Amino acid sequence: MLLILFAAALFLPAYGAKREAEKTAGGEASESEPAEYETAENGTEEADGSGSGTAENETAGKIVIDPGHGGMDSGMVGESGASEKVLNLIYAKKLAALLEAEGYEAVLTRETEDGLYDTDASNKKAQDMERRVAIIAEEDPLLTVSIHQNSYPEDPSVKGPQVFYFGQSAEGEKLAAAIQDSLNEELAIERPRTQKGNTTYYILKRSVSTTVIVECGFLTNPEEEALLQEEAYQDQVAQAICDGILDYIQGGV
């Protein structure tokens, strides 16, 4: 009997602390502005977006990968019918496999083509975005990469990968630069882009980890739309993103 009481005395405080922790856890309009990140504002207290996740983060082995869109929100759809929500998930899963092969734990915000909203939600897009940010906060990762496909209907000749970061995050800029440089080099981009900062995109502004948005290419460019659907190219893009992440983690930027 004494042994049981002694074990309970040790177990209950730890269990209570765990329960308390559980309760407190909670396409683009122009060439450089993925419009969905300007939505879902609902008065929730904002994170400062400064990027708390660094190489010293105590969960340094965990990386969140966020495949954009899903469910009723298909994102951009190319002329051939290529759906952004489908492509985002393909690229995200390939990136996750590469990171796991490097010894990191990859957490996807969605693993199916479904969105992250309730079917009866009054604002499905807002709820979807809020839940993505909540997953990032709960996982407390080293960094977060949100995967998207770009669009620029005004000029179908525009193409190439583009990486965005929260404009007030020094770590976000370093991560974005590492991934952008890796994409430019490994994909032999004809007109290399530079990383772009922004202070309004929802997932960048609200995420508590160092977060970037990777636009893999433009579905409004017929040549790139076809390329983005080729498995060999998908593998190249995923590898380039992975290499950029590893370069950032290892301090190569």
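Let me start with the pair H4 and H7, whose axes, in this predicted model, come within 8 Å and cross at roughly 140 degrees. With a cut-off of over 145 degrees for roughly antiparallel, the two helices H4 and H7 are therefore classed as oblique to each other, and their crossing is right-handed. On the H4 side the contact is made by Glu171, Lys174, Leu175, Ala178, Ile179, Ser182, Leu183 and Glu186, while H7 brings in Gln236, Val237, Gln239, Ala240, Ile241, Asp243, Gly244, Ile245, Asp247 and Tyr248. If we sort the residues of this contact by character, nine are nonpolar, four polar and five charged.

H7 also packs against H2, and here the angle is about 55 degrees, with the axes 9 Å apart. H2 and H7 are therefore oblique to each other as well, and this crossing, too, is right-handed. From H2 the residues involved are Leu87, Ile90, Tyr91, Lys94, Leu95, Leu98 and Leu99, and they meet a set in H7 that includes Tyr233, Val237, Ala238, Ile241, Cys242 and Ile245. The contact of H2 with H7 divides into twelve nonpolar residues, two polar and three charged.

That brings me to the interior, where the largest nonpolar core has 41 residues, and where those with the most contacts inside it are Ile65, Val145, Ile147, Ile179, Val214, Ile241 and Ile245. Helices H2, H4 and H7 are among the elements that each supply at least two residues of this core, as are strands E1, E2, E3, E4 and E6. Which helix gives the largest share of the core? The helix is H7, with nine residues.

Ile245 of H7 is worth following on the screen: leaving aside its neighbours within four places in sequence, Ile245 is in contact with Ile63, Leu95, Leu99, Leu143, Val145, Leu175 and Ile179. Apart from the largest core lies another one, of twelve residues, among them Val133, Tyr202, Leu204 and Ile213.

Finally, I would like to turn to Ala106, which lies in strand E2. Is Ala106 buried or exposed? Its relative accessibility is 14%, so Ala106 counts as buried. Beyond its neighbours within four places in sequence, Ala106 is in contact with Ile63, Ile65, Ala96 and Glu100. Ala106 and Leu95, for their part, are eleven residues apart in sequence, and their C-alpha atoms are 8.6 Å apart in space.

Notes:
Residues numbered from 1 in each chain as written. Predicted model: local features only at pLDDT ≥ 70, side-chain atom pairs only at ≥ 80, totals over all residues. Heavy atoms only, no water. Core = buried A, V, L, I, M, F, W, Y, C linked by side-chain atoms within 4.5 Å. Buried < 20%, exposed > 50% of the residue type's maximum accessible area, 1.4 Å probe, protein only. Helix = DSSP H or I, 4+ residues; strand = E, 2+ residues; numbered from the N terminus. Contact = heavy atoms within 4.5 Å. Axes fitted to C-alpha atoms, helices over the stretch in contact; angles between N-to-C directions. Parallel < 35°, antiparallel > 145°, perpendicular 65-115°, else oblique. Left-handed = near helix turned anticlockwise from the far one by under 90°. Nonpolar A, V, L, I, M, F, W, Y, C, P; charged D, E, K, R; others polar.
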